[in-house]
Amino acid sequence: RDRKHLGDLTPHLATLAAAEELTRGHRFAEPETELYRWMIEECRVWMFAQELRTSIPISLKRLDEQRVKLPRAAAV
């Protein structure tokens, strides 16, 4: 089960890395990218430590919806 969850998160982690690379050297993080990073962290809690609960409603579908809001070159 953990391998499946990790496999579900892998494309999102790659997208996040690409989005962060686009803004490397900028003083502030892109707000949509920062939200996406936070959502991935919440998704990890939701998948691997459900007893801790998440601070926002989260799902893989919500991650996909946020992905399209990222800087264009990062949304792979």
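Visitor: Which residues of α3 does α2 meet?
Guide: Helices are DSSP runs numbered from the N terminus (H or I, at least four residues; strands are E, at least two). Contact means heavy atoms within 4.5 Å. α2 supplies E32, L35, Y36, M39, I40, C43, W46 and M47. Their partners in α3 are L60, R62, L63, Q66 and R67.

Visitor: What kind of model is this?
Guide: Residues are numbered from 1 along each chain as its sequence is written, and side-chain values use heavy atoms, with hydrogens and water left out. Local features need pLDDT of at least 70, side-chain atom pairs count only at pLDDT 80 or more, and totals for chains, interfaces and linings use all residues; the model is predicted.

Visitor: Are α2 and α3 roughly parallel or roughly antiparallel?
Guide: Axes are lines fitted to C-alpha atoms, for helices over the stretch in contact, and angles run from 0 to 180 degrees between N-to-C directions. The axes of α2 (residues 31–48) and α3 (residues 60–67) come within 10 Å and cross at roughly 170°. Under 35 degrees counts as roughly parallel, over 145 as roughly antiparallel, 65 to 115 as roughly perpendicular, and the rest as oblique. The pair α2 and α3 is therefore roughly antiparallel.

Visitor: How many residues of the contact of α2 with α3 are nonpolar?
Guide: Ala, Val, Leu, Ile, Met, Phe, Trp, Tyr, Cys and Pro count as nonpolar, Asp, Glu, Lys and Arg as charged, and the others, Gly among them, as polar. In the contact of α2 with α3, 3 residues are charged and 1 is polar. The nonpolar residues number 9.

Visitor: Is the crossing of α2 past α3 left-handed or right-handed?
Guide: A near helix turned anticlockwise from the far one by less than a right angle gives a left-handed crossing; clockwise gives a right-handed one. α2 passes α3 in a crossing that is left-handed.

Visitor: How far apart are the axes of α1 and α2?
Guide: Two packed helices are described by the angle between their axes and the distance between the axes. For α1 and α2 the angle is about 170°. That makes α1 roughly antiparallel to α2. The axes of α1 and α2 are 10 Å apart.

Visitor: How many residues are charged where α1 meets α2?
Guide: α1 brings D2, H5, L6, D8, L9, H12, L13, T15, L16, A19 and E20, and α2 brings T33, Y36, R37, I40, C43, R44, M47 and F48. By class, this contact of α1 with α2 has 10 nonpolar and 4 polar residues. The charged residues number 5.

Visitor: Is α1 roughly parallel or roughly antiparallel to α3?
Guide: The axes of α1 and α3 lie 11 Å apart, at an angle of about 20°. That makes the two helices, α1 and α3, roughly parallel.

Visitor: Which residues of α3 make the contact with α1?
Guide: α1 passes α3 in a left-handed crossing. On the α1 side stand D8, L9, P11, H12 and T15. On the α3 side stand L60, L63, D64 and R67.

Visitor: Which side chain does R67 touch in a polar contact?
Guide: R67 sits in α3. With a relative accessible area of 15%, R67 is buried (buried is under 20%, exposed over 50%, partly exposed in between; 1.4 Å probe, protein chains only). A polar contact is a pair of N or O atoms within 3.5 Å; within protein, one must be able to donate a hydrogen and the other to accept it, and residues adjacent in sequence count only if both atoms are side-chain atoms. At 3.2 Å, the partner of the R67 side chain is H12.

Visitor: Which residue's backbone oxygen lies 3.0 Å from a polar side-chain atom of T15?
Guide: T15 belongs to α1. Its relative accessible area is 0%, so T15 is buried. The backbone oxygen at 3.0 Å from the T15 side chain is that of P11.

Visitor: How far apart are the C-alpha atoms of L22 and P71?
Guide: L22 is in α1. L22 counts as partly exposed because its relative accessibility is 40%. P71 is 49 residues from L22 in sequence, yet the C-alpha separation is 7.9 Å.

Visitor: What is phi of R53?
Guide: R53 is in the loop between α2 and α3. At 69% relative accessibility, R53 is exposed. Its phi is positive, in a residue other than glycine, and is near 65°.
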